[in-house]
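Thanks for making time, everyone. Please bring the structure up on your screens and keep the sequence beside it.

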Amino acid sequence: MKAAWYVKNGAARYVLELGDLDKPAVGRGQVLVHIRAIGVNPSDTKARATTPLASGIRRVIPHQDGAGIIEAVGEGVPTSRIGERVWIYEALFSGGSGCAAEYIAVPSVNAVPLPGNISFEVGACLGVPALTAHRCVFADGPVDGQALLVTGGAGSVGVHAIQFAKHGGASVLTTVSSEKQAMIAKAAGADLIIDRNKDNQAVRMQTVAGGSSQRIIDRVVDVAFGANLETTMKVLKENGVIATYSSDSEPEPTLPFFSLLRLGVTIRFIFVYKMSAKAHQIAIEATTVGLTEGWLQTNIAATFPLSRIAEAP
């Protein structure tokens with residue numbers, strides 16, 4: 001089979017190799033999937049750039065998420081799964097290789113049925129983004145009637161978070177940094193879109209509530225925890241929740257302990273690979289409902305053939 005891999009860390013254009021490898025054998029409890037599309041996530045690129053290969057590992061076929069058709073099944077898996085269209089999540093984390101290949105063997109549970117009207121390209125973009133988004137929105141219960149702030153509302157997690165929150169009955173405020181991003185967030189269903197490069201974020205949110213000191217946000221889904229904390233503290237209600245999944249620009253933020261304490265804030269760190277099996281299943285079921293009913297949609301920035309994988313962001 002054709003595959004891409006790396007044997008050392010670095011930028012994609014320097015370390016990714018393309019070539020032929022043996023098609024993987026399908027083990028007990030696994031399915032063999034003929035890959036039709038691959039997703040590229042920040043965790044994929046960070047791992048390739050900085051995470052050393054584990055002892056005894058010669059090469060890494062990257063990328064956690066993908067989509068394709070089940071070609072064979074291992075012992076213990078119903079043969080009725082053969083021919084099934086599926087989307088794959090956490091391929092590498094499940095103990096095998098990644099999706100940057102023509103074929104992959106993964107645990108059956110990691111290959112989720114993909115509705116017939118959903119493209120493989122969309123399916124390949126669901127794993128990390130959709131599961132992370134769902135957990136961020138619902139980890140602390142229903143959101144019906146609440147106001148959620150989704151920072152970075154045009155990002156892959158942000159778009160899905162907006163859609164999950166809206167479907168759950170919340171009003172959604174979101175931040176973006178360009179007109180193009182604003183259009184993406186609007187299409188996802190955001191009620192208020194704030195350009196963080198043009199607007200005073202806190203003032204815009206408080207104006208909506210009719211007062212300059214109003215705390216109107218029940219929960220925050222945050223892509224930049226450290227950078228956004230000052231604004232968050234101005235608008236988050238007492239006993240509010242911050243669900244954060246990234247803090248790249250400030251990886252070691254300073255916390256205003258007593259201010260957080262007095263507000264009774266819950267800070268929830270969402271790392272998709274550490275979600276419980278139950279949380280995974282709930283998120284997968286919700287994703288399937290959203291795809292089937294048509295309200296969960298994905299914004300695909302660009303597509304590349306496997307031969308040009310090093311050009312993908």
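Start at strand β3, residues 30-38. It is joined to β6 by 5 bridges, and the two run antiparallel. One residue pair to click on: Val-31 stands opposite Val-106 of β6. Bear in mind throughout that this is a predicted model.

Now go to the β4 side of β3. β3 and β4 pair over 7 bridges, again in the antiparallel sense. Find His-34. Its bridge partner in β4 is Ile-69. Stay on Ile-69, since that residue leads onward. In β5, Ile-69 has Arg-85 as its bridge partner. So much for single residues; here are the strands. β4 covers residues 66-73 and β5 covers residues 85-88. They are joined by 4 bridges and run antiparallel.

Put those pairs together. What is the strand order in this open sheet? It reads β6-β3-β4-β5-β7, 5 strands with antiparallel pairing. Which strands stand at the edges? They are β6, at 103-107, and β7, at 111-113. Each has a single partner strand, so one side of each is left without a neighbour in the sheet. As for twist, neighbouring strands here are turned by 45° against each other on average, with direction ignored.

A quick reminder on pairing. Strands of a sheet pair through backbone hydrogen bonds, either parallel or antiparallel. We have seen one sense. Next comes the other.

Move to the second sheet. It is also open. It has 6 strands, in the order β10-β9-β8-β11-β12-β13, and the pairing is parallel. Its edge strands are β10, at 192-195, and β13, at 266-269, each pairing on one side only. From one strand to the next, the twist averages 15°.

Look inside that sheet at β8, residues 147-150, and β9, residues 171-176. They pair in the parallel sense over 4 bridges. Leu-148 stands opposite Val-172 in β9. A helix packs on this sheet too: α8, residues 225-235. α8 touches β11 (217-222), β12 (236-244) and β13. The direction of α8 makes about 160° with that of β12.

On to helix against helix. Take α4, residues 127-138, and α10, residues 277-293. They pack at an angle of about 105°, and their axes are 9 Å apart. That makes α4 roughly perpendicular to α10. Who makes the contact? From α4 we have Ala-130, Leu-131, His-134 and Arg-135. From α10 there are Ala-279, His-280, Ile-282, Ala-283, Ile-284, Ala-286 and Thr-287. By character, the contact residues divide into 7 nonpolar, 3 polar and 1 charged.

One more helix: α2, residues 42-50. Which residues of α2 are buried? Asp-44, Thr-45 and Arg-48. Viewed down the axis of α2, the buried residues fall within an arc of 90°, so they line one face of the helix. What do they pack against? The buried residues of α2 pack against α1, at 12-15.

Now the backbone angles. Most residues other than glycine have a negative phi. I have two residues here to set against that. First up is Glu-90, in the loop between β5 and β6. Glu-90 is not a glycine, yet its phi is positive, about 50°. Buried or exposed? With a relative accessibility of 5%, Glu-90 counts as buried.

Then Asn-239. This residue sits in strand β12. Asn-239 has a positive phi as well, near 65°, and is a residue other than glycine. Its relative accessibility is 59%, and Asn-239 counts as exposed. If you check phi on your own screen, go to these two: Glu-90 at about 50° and Asn-239 near 65°.

Last stop, Ala-312. Where is it? In the segment after α10. Relative accessibility is 18%, and the cut-off for buried is under 20%, so Ala-312 counts as buried. Leaving out residues up to four places away in sequence, Ala-312 touches Val-40 and Phe-304. There is also a distance to note. Ala-312 and Ala-302 lie 10 residues apart in sequence, and C-alpha to C-alpha they are 8.0 Å apart in space.

That is my tour. Over to you.

Technical notes: Residues numbered from 1 in each chain as written. Predicted model: local features only at pLDDT ≥ 70, side-chain atom pairs only at ≥ 80, totals over all residues. Heavy atoms only, no water. Pairing = 2+ DSSP bridges. Axes fitted to C-alpha atoms, helices over the stretch in contact; angles between N-to-C directions. Parallel < 35°, antiparallel > 145°, perpendicular 65-115°, else oblique. Contact = heavy atoms within 4.5 Å. Nonpolar A, V, L, I, M, F, W, Y, C, P; charged D, E, K, R; others polar. Buried < 20%, exposed > 50% of the residue type's maximum accessible area, 1.4 Å probe, protein only. Arc of directions from axis to C-beta.
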